[in-house]
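Reader: Please show me the sequence and the model together, and then let us go through them in questions and answers.

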Amino acid sequence: MLESLDRWIGNSPGYFSGRPVLLDLNTLKPQLGDIEALVAELGRRGIRIYAIELDGNPALEPNLPRC
């Protein structure tokens with residue numbers, strides 16, 4: 001799933017450096033555990049999630065930013 005992102009980062013190193021990212025998950029509708037895993041994977045790639053947008057107001061863990 002993240003292979004395309006990895007290729008993109010490889011072609012544009014440092015693009016996300018210091019830039020906050022809004023993670024819109026409304027299309028995917030992932031489970032809470034999947035959100036936590038995705039945020040962790042993005043963090044390992046140097047992508048800092050500023051906020052998560054997800055309709056339905058699910059109870060996100062306090063460590064996950066929310067819009």
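**Strands, core and loop**

Author: In this predicted model, Asp24 stands opposite Glu53 in β2. Residues are numbered from 1 along each chain as its sequence is written. As the model is predicted, local features need pLDDT of at least 70 and side-chain atom pairs count only at pLDDT 80 or more, while totals for chains, interfaces and linings use all residues, and side-chain values use heavy atoms, with hydrogens and water left out.

Reader: In which direction do β1 and β2 run, and how many bridges join them?

Author: Two strands pair if DSSP finds at least two bridges between them. The strands β1 and β2 run parallel, and the number of bridges that join them is five.

Reader: Which pattern does the protein follow along the sequence?

Author: Helices (H or I, at least four residues) and strands (E, at least two) are DSSP runs, numbered from the N terminus. The protein has two helices and two strands, and read along the sequence they follow the pattern α-β-α-β.

Reader: Which side chains of β1 point to one face and are buried?

Author: In a regular strand the side chains alternate between the two faces of the sheet. Buried means under 20% relative accessible area, exposed over 50% and partly exposed in between, with a 1.4 Å probe and protein chains only. Along β1, Pro20, Leu22 and Asp24 point to one face and are not buried, whereas those that point to the other face and are buried are Val21 and Leu23.

Reader: Which element supplies the largest share of the largest nonpolar core?

Author: A nonpolar core is a set of buried Ala, Val, Leu, Ile, Met, Phe, Trp, Tyr and Cys residues joined through side-chain atoms within 4.5 Å. The largest one has 16 residues, and those with the most contacts inside it include Leu23, Ile35 and Ile47. Residues of this core come from β1 (20–24), α2 (32–44) and β2 (48–53), each of which supplies at least two. The largest share, four residues, comes from α2.

Reader: With which residues is Ile47 in contact, leaving aside its neighbours within four places in sequence?

Author: Contact means heavy atoms within 4.5 Å. With those neighbours left aside, the residues in contact with Ile47 are Leu5, Ile9, Phe16, Val21 and Leu42.

Reader: Where is Lys29 found, and what is its relative accessible area?

Author: Lys29 is found in the loop between β1 and α2, and its phi is near 50°, a positive value in a residue other than glycine. Lys29 is partly exposed, and its relative accessible area is 49%.
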